[in-house]
Amino acid sequence: MERFRRRDRQMFSGFTKGEIEKMEKLLKESGLQLLNREFCRKVTQGFNRSSGRAGKPVIKWMEVYNWLQSRLQDFPKNEKRMSEIPKACPSNKTQESSQRPEGDKSPDLSELEFEARSSKDGAWYDVAMFLTHRFLRSGEAEARVRFVGFGAEEDEWVNIKQAVRVRSVPLEHSECQKLKVGDSVLCFQERRDQAIYYDAHIVEVQRRMHDIRGCRCLFLVRYYHDSTEEKVRLRRLCHRPAHQF
């Protein structure tokens with residue numbers, strides 16, 4: 001599974017020893033909560049105003065973000081015994097319209113949002129916040145997340161590498177021509193007893209003329225979790241993120 005940080009991105013290496021120690025401490029205390037624009041900007045401002053940065057190049061907030069993201073992936077293993085992972089049942093994902101820049105395969109870090117896969121039903125839900133993180137004996141990292149619309153009693157531990165990714169984006173009517181057979185999507189599965197989002201791939205596309213309501217094309221999708229197939233319209237599909245941890 002592809003990591004969020006692009007492999008061809010050159011990492012900034014001009015941090016002072018004190019700045020690195022500060023970020024290491026923050027990472028141990030807060031983990032994934034650091035990965036947002038406002039926090040990284042505050043850290044960057046503090047570095048640039050400190051006496052230790054006098055005479056050195058000004059740091060950009062993206063350089064702090066990239067360092068934290070890279071360090072999180074390589075964080076030392078925690079050999080402490082871990083408690084049992086609690087179960088949870090998060091709420092339905094809220095589908096909101098969002099515009100993606102043409103040809104931009106990287107997520108917009110200025111408005112970065114995440115989704116996580118619940119271990120209870122295998123479906124994906126929007127993450128309201130990352131509460132903390134831990135490392136298992138295997139070296140794998142887990143984050144305790146709070147899902148949008150649910151309280152603390154529904155918090156859940158999820159595998160960061162396998163079950164956390166940048167939020168999938170609902171497709172606009174004008175984007176239907178981009179979808180083709182074999183593409184992976186996030187599909188809103190509607191059943192009598194539930195309506196949640198599952199990963200799927202497109203098996204067949206039936207192109208139809210658009211009207212005042214928008215796209216009228218039909219997409220036959222096959223869900224990954226149970227291999228069932230269903231014909232759906234574009235409004236039930238989300239664009240899968242190109243980058244994952």
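In which helix does Val43 lie? Select Val43 to begin: the residue lies in helix H2, residues 37-49. Helices (H or I, at least four residues) and strands (E, at least two) are DSSP runs, numbered from the N terminus. The model is predicted, so local features need pLDDT of at least 70 and side-chain atom pairs count only at pLDDT 80 or more, while totals for chains, interfaces and linings use all residues. Residues are numbered from 1 along each chain as its sequence is written, and side-chain values use heavy atoms, with hydrogens and water left out.

**Stop 1: the whole chain**

Display the protein chain in full. Its secondary structure comes to four helices and 11 strands. Of its 245 residues, 44% are buried; buried means under 20% relative accessible area, exposed over 50%, and partly exposed in between (1.4 Å probe, protein chains only). The accessible surface comes to about 13,800 Å², and carbon and sulfur atoms hold 47% of that area. Accessible areas come from the Shrake-Rupley method with a 1.4 Å probe; for residues, only the protein chains shown count as cover. Among contacts (heavy atoms within 4.5 Å) between residues at least 6 apart in sequence, 62% join residues at least 24 apart.

**Stop 2: Val43**

Return to Val43. Val43 counts as buried because its relative accessibility is 12%. Leaving out residues up to four places away in sequence, Val43 touches Leu26 and Val64. Now select Glu19 as well: its C-alpha atom and that of Val43 are separated by 9.4 Å, with the two positions 24 residues apart along the chain counted as their separation.

**Stop 3: strands E7 and E8**

Select residues 184-190 (strand E7) and 195-206 (strand E8), which pair in the antiparallel sense over seven bridges. Two strands pair if DSSP finds at least two bridges between them. A hairpin of four residues joins E7 to E8. Within this pair, Cys187 stands opposite Tyr198 in E8.

**Stop 4: strand E9 and its partners**

Add strand E9, residues 218-223. Strand E9 is largely enclosed by the rest of the structure, because five of its six residues are buried. E8 and E9 pair in the antiparallel sense over six bridges. To locate the register, pick Gln206, whose bridge partner in E9 is Leu218, and then Val205, whose partner in E9 is Phe219.

Next select strand E10, residues 229-232, which pairs with E9 in the antiparallel sense over four bridges. Here Phe219 stands opposite Val232. The two strands form a hairpin with five residues between them, and Ser227 in the turn has a positive phi of about 65 degrees.

**Stop 5: Tyr223**

Is Tyr223 buried or exposed? Tyr223 is buried, because its relative accessible area is 1%. Show its surroundings: among the residues that Tyr223 touches, beyond four places in sequence, are Cys187, Phe188, Tyr198, Asp199, Thr228 and Arg236. Its side chain makes a polar contact with the side chain of Glu230 at 2.7 Å. A polar contact is a pair of N or O atoms within 3.5 Å; within protein, one must be able to donate a hydrogen and the other to accept it, and residues adjacent in sequence count only if both atoms are side-chain atoms. The C-alpha atoms of Tyr223 and Ile202, 21 residues apart along the chain, are separated by 9.0 Å.

**Stop 6: the nonpolar cores**

Select Leu179, Phe219, Val221 and Leu237. In the largest nonpolar core, which has 32 residues, these four touch the most other members. A nonpolar core is a set of buried Ala, Val, Leu, Ile, Met, Phe, Trp, Tyr and Cys residues joined through side-chain atoms within 4.5 Å. The elements giving two or more residues to this core are strands E1 (114-117), E2 (124-135) and E3 (141-147), helix H4 (160-163), and strands E7, E8 and E9. Domain 2 (114-166) and domain 3 (169-239) both give residues to this core, so it lies between them; the domain bounds come from an automatic or database domain assignment. Apart from this core lies another, of 13 residues, among them Val43, Phe47, Val64 and Tyr65.

**Stop 7: Arg134 and Glu142**

Finish with Arg134 in strand E2 and Glu142 in strand E3. Arg134 counts as buried because its relative accessibility is 7%, and Glu142 is buried, with a relative accessible area of 6%. Their side chains make a polar contact at 2.8 Å.
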